[in-house]
Amino acid sequence: MLGFDLDVWDYLTFLVIFVLVGAFLVVAILVLGLPGRIAIARKHPDADAINVMGWLGFLAIVPWMQAFMWAFKPTDVVDIRYFPKQERENIQEELARLTGRAAAEKKLNSEESKPSAATKPSAATKPPAATKPPAADSTL
């Protein structure tokens, strides 16, 4: 069929090529999955992203190197339930401001902090300015 007979050396050559291709694929799978396995073992919060980036590293070596470095990057997972009290208050204040509840809460807080009739205002505090009633609109 080929015009010549295949002998033992030809079959041995095919076997060696087959083993080398198989070994190359095994090494490639081990190396490409290495950043993801490292990140999972280190309980990295971005382990899924590192794993995908490591597998996509076969397109170019730079994403694989970045995923490899990212897998070793120390991460501090901050649990917001354990923030200090002042930080929690600041966050709640910011969220209230962003959602528009800040004005209503300030109004409630200012009513609670007004001095009662039994307490005398100190000399350092100014008396509240008199407010004028709104002018009547004469253009009817």
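Two residues are said to be in contact when heavy atoms of one lie within 4.5 Å of heavy atoms of the other. With that meaning in hand, and keeping in mind that this is a predicted model, we can begin with H44: leaving aside its neighbours within four places in sequence, H44 is in contact with A39, I50, W70, A71, K73 and T75.

## The overall fold

The protein has six helices and zero strands, and its elements, read along the sequence, follow the pattern α-α-α-α-α-α. Buried residues make up 12% of the 140 residues in the protein. The accessible surface comes to about 12600 Å², and 67% of this surface belongs to carbon and sulfur atoms. Among the contacts between residues at least 6 apart in sequence, 44% join residues that are at least 24 apart.

## The nonpolar core

The largest nonpolar core consists of seven residues, namely I38, A39, A47, I50, M53, A67 and A71. Three helices, α2 (34-41), α3 (47-55) and α4 (61-72), each supply at least two residues of this core, and α3 gives the most to it, with three residues. A67 shows how one core residue is surrounded: not counting residues up to four places away in sequence, A67 touches P35, I50, M53 and G54.

## The loop between α2 and α3

Which residue in the loop between α2 and α3 has a positive phi although it is not a glycine? That residue is K43, whose phi is about 55°, and K43 is found in the loop between α2 and α3. K43 counts as exposed because its relative accessibility is 71%, and exposed means over 50%.

H44 is found in the loop between α2 and α3 as well. Is H44 buried or exposed? H44 is buried, because its relative accessible area is 7%, and the cut-off for buried is under 20%. Two of the residues that H44 contacts, A39 and I50, are also listed in the largest nonpolar core, and A71, another contact of H44, is listed there too.

D46 has its place in the loop between α2 and α3, and it is partly exposed, with a relative accessible area of 33%. The backbone nitrogen of D46 lies 3.0 Å from a polar atom of the side chain of H44, so that a partly exposed residue, D46, is linked through this polar contact to the buried residue H44. Along the chain, D46 and G36 are ten residues apart, and their C-alpha atoms are separated by 9.5 Å.

## Aromatic rings in α4

A pair of aromatic rings is described by the distance of the centres and the angle of the planes. The structure holds two aromatic pairs, and the table sets out both quantities for each of them.

| Pair | Centre to centre | Angle between planes | Arrangement |
|---|---|---|---|
| W64 and F68 | 5.1 Å | 15° | stacked |
| F68 and F72 | 5.3 Å | 75° | edge-to-face |

Why do the two pairs carry the names stacked and edge-to-face? The planes of W64 and F68 are at 15°, and planes under 30 degrees apart count as stacked; the planes of F68 and F72 are at 75°, so this pair is edge-to-face, a name given to angles over 60 degrees.

The positions of these residues along the helix help to explain how the rings come together. W64 and F68 are four residues apart in helix α4, and therefore about one helical turn separates them. F68 and F72 both lie in helix α4 too, again four residues apart, or about one turn of the helix. An α-helix has 3.6 residues a turn, so residues three or four places apart point the same way. W64, F68 and F72 form one aromatic cluster.

The members of this cluster can also be described by their accessibility. W64 is buried, with a relative accessible area of 14%, whereas F68, at 27%, counts as partly exposed, and F72, at 39%, counts as partly exposed as well.

## Helix α5 and its end

Helix α5 comprises 15 residues, 85-99, and at 1.5 Å a residue it should span 21 Å; its end C-alpha atoms are 21 Å apart, which agrees with that expectation. Just after α5, G100 takes a positive phi of about 90°.

Definitions and conventions:
Residues numbered from 1 in each chain as written. Predicted model: local features only at pLDDT ≥ 70, side-chain atom pairs only at ≥ 80, totals over all residues. Heavy atoms only, no water. Core = buried A, V, L, I, M, F, W, Y, C linked by side-chain atoms within 4.5 Å. Buried < 20%, exposed > 50% of the residue type's maximum accessible area, 1.4 Å probe, protein only. Areas by Shrake-Rupley, 256 points an atom, 1.4 Å probe, with all protein chains shown as cover. Phe/Tyr/Trp six-rings, centres within 6.5 Å; stacked < 30°, edge-to-face > 60°. Expected span 1.5 Å × (residues − 1). Polar contact = N/O pair within 3.5 Å; in protein donor to acceptor, adjacent residues only side chain to side chain.
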